[in-house]
Amino acid sequence: MSTRRLRSEDYKDYSSTEATPDGSPTEGINGFASPESYQRFGESNGTTWFQTLIHLVKGNIGTGLLGLPLAVKNAGIVLGPLSLLVMGIAAVHCMGILVKCAHHFCNKYQRPFVDYGDAVMYGLEASPSAWLRTHAIWGRYIVGFFLILTQLGFCCVYFVFLADNLKQVISAANGTTNDCHSNKTTVLTPTMDSRLFILSLLPFLVLLVYIRNLKFLSIFSMLANLAMLSSLIMINWYIITSIPDPSNLPLVAGWKTYPLFFGTAIFAFEGIGVVLPLENKMKNPRHFPVILYVGMAIVTVLYISLGTLGYLRFGANIQASITLNLPDCWLYQSVKLLYSIGIFFTYALQFYVPAEIIVPGAVSQVPERWALWVNLLLRTCLVCVTCLLAILIPRLDIVISLVGSVSSSALALIIPPLLEITTYYADGIHPVTVAKDFLISILGLAGFVVGTYESLWALATPPIANTTRALV
């Protein structure tokens, strides 16, 4: 969940890639095309390898990162980090599959790029099933549906995240001091219900999404990146300065909570939509496979370290976002506000994707004089939908796990392996590869079903409320 998921040109390149028109690429290391197939023309102003690496790392870091300590708690202090490592390996492998299949269809159909939806559609057209070939267009629709669902899900998470952090800052305002090392129990002043905080954010976010120029939004993206980076540095500093004895933490948690871990973890790792546009924009895209592995290795290490250390630091008291565990001193209250500012601006960037899919089609059906008003009305309605869903599910840990289980698992784990099978079936694909792809998709589907069920079950269980919070 990220502040740089979009290219600065337009949505249609949201998940696109380009390839050389000179024949089909030969397979190189790890299934990627050979370096020669990455040569393109007219990309002298493309991004460097370092810029692409930074964008890739930023494109995979968002609110999901802050929920990983609770995810580790739901899996166990040993099983949690190991599962995050396996999840990271599977996620980057699926990203590589998507890039490889996109290159295959670019060369096969002599197209400058194909997006995620086009790749799935072409994959179904190449499948051995006549029924799938006839209904191949549904591949594009399914990917578009899950993209909309995922991005609007991110927006719901942002509503709840902002409300929870603002509520805690306001509730603890009277007890806020300059002492960041006190172990006292803070008595929180009763405030509005979190649903009212969510509702109070609605008009500000509606005004924010009225900004339709993505280049102008990039200014807010830069501010969000700076705010979130500063906050993460201070959060990690607070964690590592005082880690208690972890001997009382369970090595493996109960099986009932593991599906919640899956939903939160895959929510954090769902950065597959940023891969193709970054590769497409590179000055020398032959470097992209190495950048993908290095960038995702950095992301995985960051996820495992913050998730593990955060759980070690706060133990059973860890909350849905680690920012909610920070002490009520002015320094860390400012950290919560700073990260919240970053998430506030990121809302508009995440909202841009579903808006660009839904709004233009509706606007094209009305007279030109009504186009602007219909555009703004639809944007307002979409924000209101995310607000309503956040009010219905005002628990940050549950909404993250639910969004991850329902939509992120489909885009990141289920679809790419099946795409590889349908793409290369006619050319001959090794049985081991088929077995591997089916295994990944089945595990993703199991996480989809069980994670969604457990998230809905947890949602039906009322949380235990209290008005005090121990600082450890």
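Contact here means heavy atoms within 4.5 Å. The structure is a predicted model, in which local features need pLDDT of at least 70 and side-chain atom pairs count only at pLDDT 80 or more, while totals for chains, interfaces and linings use all residues. Residues are numbered from 1 along each chain as its sequence is written, and side-chain values use heavy atoms, with hydrogens and water left out.

The protein chain holds 16 helices and two strands; these are DSSP runs numbered from the N terminus, helices being H or I of at least four residues and strands E of at least two. Of its 472 residues, 57% are buried, that is, under 20% relative accessible area with a 1.4 Å probe and protein chains only. Of the contacts between residues at least 6 apart in sequence, 86% join residues at least 24 apart. The accessible surface (Shrake-Rupley method, 1.4 Å probe) is about 20100 Å², and carbon and sulfur atoms account for 70% of that surface.

Two buried helix residues are set out below.

| Residue | Helix | Relative accessible area |
|---|---|---|
| Thr386 | H14 (residues 368-392) | 0% |
| Asn165 | H7 (residues 137-171) | 1% |

Not counting residues up to four places away in sequence, Thr386 touches Leu152, Cys155, Cys156, Phe159 and Tyr347. With neighbours within four places likewise set aside, Asn165 contacts Thr323, Leu324, Lys336 and Ser340.

On the surface, Phe216, Ile219, Met222, Leu223 and Leu226 make a nonpolar patch of about 470 Å². Patch residues have over 30% relative accessible area and no salt bridge, and nonpolar side chains are joined within 5 Å; a salt bridge is a side-chain nitrogen of Lys or Arg within 4 Å of a carboxyl oxygen of Asp or Glu. Leu226 lies in helix H9 (residues 214-240).

Terms used:
Patches are made of residues with over 30% relative accessible area and no salt bridge: like charges are joined within 9 Å, nonpolar side chains (Val, Leu, Ile, Met, Phe, Trp, Tyr) within 5 Å. Buried means under 20% relative accessible area, exposed over 50%, partly exposed in between (1.4 Å probe, protein chains only).
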